[in-house]
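Here are some short exercises on reading a structure with two chains. Take a look at the model, then try each task before you read its solution.

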Amino acid sequence: MKRLRSLLFTWETLLVLLLLIGCVIGSILSPYFLSGFNLEYALPSNIMEIAIMALPMTMIIIAGEIDLSVASVLGLASVTLGFLWERGNPMWLAIGAALLVGVVAGYLNGLLVTKLALPSLVVTIGTLALYRGLAYVILGDQAVSNFPTAFTNLGFGTIPGTQFPWSVLIFATLVIIFAVILHFSRLGRQLYAMGNNKEAARFSGINVNRIKLILFVLSGGIAALAGIIFTSRFSSARPDNAVGFELDVVTVVLLGGVNIFGGRGSLLGVILAIFILGVLQNALSLVNISGDIQSLAIGLLLIFSVLGPNIARNIQAVIARRRFAVGSSKQA
Amino acid sequence: MTTTSQDVERTRQRSHVNQARLISRVSRVRESGLLIALIFIIIVVGIQAPRFLSVDNFVQILLSVAILAIVAVGETLVVLTRNVDLSVGSMVGFTAFVTAYFFKELPGINLLLGILLGCALGLILGIVNGLIVSFGRVPAIVATLGTLYAYRGLVFITAANTTSQVNASDVPAGYLALATTQILGIPALILIAAIIAIIVGYFLRSSHAGRQLYAIGSNPDAANVIGIRKERLVFGAFAASGLLCGLAGVLWGARYATVDATNATGLELQVIAAVVVGGVNIFGGSGTILGAVLGAIVLGTVENALNILNISQFWLQALYGAAIIGAVVLDALITRWLQRTILARRKKA
């Protein structure tokens, strides 16, 4: 009984409930919501870049840091890709360069955080502006859109025999890798240890700085990968691609139950949160609510995913205190 | 026996005084360094393009900096407490839009009423931020990242239900005059920014609560122990930031005359750049209003110089980013040097 109750009240159960409620509301709002095309193609393809970037972000936040520059790295990688392709370079070179740009961008973040002991929050606010700015410097107000069909098929096409976009396959592969690292490897345990107590982690022989550097490089590389997917999906490389995506990425990670101060959280929760965000965006889009107004809902979701548990904890504390008071007065 | 311990005590006190002197000297050096950088930029750009050096151009720079400086003053209050307010751009955008729309709908209304409305709206938004951060115990970065988009969403909802854009011809001339009037030959906009900077600067320097803001930022736990009401003060800092954004929004509407739902988007990056370039420590606890205002002036001057030198405006955002990183790295290096120097002195003593 007690076990059942504790299972019922885990964050993940709450998320499943939220997801179901979202689906019910979505299907009431629009008859298209439950259609195969919408659920298999439109909904996942719209959320996949965010979903992919949320994986390293989960690790970074569990380790007690944050990376706010992901959307700008996405934009910079996308612009690099477009710029090189437009200049007549082969596609594989453009893609490789875009990935490299992401890795370098992440490496710079990591260097600033580890070598100078700067808070990642400030560093990545700075590089959020810097990387986006560089994207504007490279392409100005232009857009590159004449990509080869083989490349755009990656974004538009579906996995043969299904209606799922290719990006779902990339995401699924990454989920397995990240889940193994985070939950079944030494590195994963070290991330939790770092998030719980950085000093203690260092004294227990964990190379905290090295791991942090790896995390930021990983985050940059994955953001660049998301940039490539984004570019192929819209067949367009623009400097303002995915502006503001950091909100969505941080929101799904925190909504997924990862503690903002580090040390706690699971990939399962984050994956559920990704689907919740997908359903929310999809349902709002189906009833013609613009992206700017959707951001209002997502911003509130972000705040409540931290505020909610805080309030619940306060209420629990009040109840416990009252119970204690009642108990002690009975004894007297 | 007692004399020796007194001696030890005396040297210890003296070394503490020396430390405080060193730290204050460094922060003064930080500000004068900024001033020197500013003069350097002015000279270099002036040689390249003499028209940069006209009085008229400097007034233009100060005019474009005035609103940024007002917002930066509010941001400084928040950053001093080891928090950050990312929602400033959206708060300015919201109040600018609503105030302009208010004047469009009620052109005959008293000017002061519109100004008060804008300030009150900003204050409310700031209060919401403050409540979430200090009483909801949500980290400022998460709370204000959320409200950055939530408040912007509010502007879009307001615009969707009213008008997509308020034009200069829609609002009474009296409102637009806010940005163009001159008092004693000085543009009102610059005067307002200066008065606010002086008042808040004095408050931070000399008032009880002002000093407590520094205490919270330098050591939140210690501040708690000595009985500083941290929650209230942090709440107050966010509310003040909102209020100043409200005022800045009112002025924004008057200055740019044409406002839509996207106005002041991304302002938060400029504001944070101004604050950290101005030497306000992003870890909280040190920095001055003068520094933040100087930071805003440096950024404004650079922006103006890019314009005059015909360098693409696309460089601007990258520059803000580089300025944030550069300033934070510089501060980290200074802090490291300071700690080493103080430690070495202590060992000698």
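The exercises below use this predicted model.

**Exercise 1.** Find out which elements of chain A touch chain B, and what kinds of residues they bring.

*Solution.* Begin with the totals: chain A gives 36 residues to the contact and chain B gives 36 residues. Next, look for elements of chain A that supply two or more residues: these are H6 (120–139), H12 (245–255) and H14 (291–331). H6(A) has the largest share, with 13 residues. Finally, sort the side of chain A by class, which gives 25 nonpolar, 9 polar and 2 charged residues.

**Exercise 2.** Decide whether helix H11 of chain B is mostly covered or not, and name what it packs against.

*Solution.* Count through residues 267–277 of chain B: 11 of the 11 residues in H11(B) are buried. Among them are B:Leu267, B:Glu268 and B:Val277. Now look at the surroundings: the buried residues pack against H2, H3, H5, H12 and H13 of chain B, together with H6 of chain A. Just after the helix, B:Gly279 has a positive phi of about 90°.

**Exercise 3.** Describe how H3(A) and H12(A) are arranged.

*Solution.* First take the geometry: the two helices pack at an angle of about 60°, and their axes are 8 Å apart. H3(A) and H12(A) are therefore oblique to each other. Their crossing is right-handed. Then find the residues in contact, including A:Met53 and A:Met57 of H3(A) and A:Phe245 and A:Val249 of H12(A). By class, this contact has 10 nonpolar, 1 polar and 2 charged residues.

Methods: Residues numbered from 1 in each chain as written. Chains lettered and ligands numbered in written order. Predicted model: local features only at pLDDT ≥ 70, side-chain atom pairs only at ≥ 80, totals over all residues. Contact = placed C-beta atoms within 7 Å. Helix = DSSP H or I, 4+ residues; strand = E, 2+ residues; numbered from the N terminus. Nonpolar A, V, L, I, M, F, W, Y, C, P; charged D, E, K, R; others polar. Buried ≥ 20, exposed ≤ 12 C-beta atoms within 10 Å, placed from the backbone. Axes fitted to C-alpha atoms, helices over the stretch in contact; angles between N-to-C directions. Parallel < 35°, antiparallel > 145°, perpendicular 65-115°, else oblique. Left-handed = near helix turned anticlockwise from the far one by under 90°.
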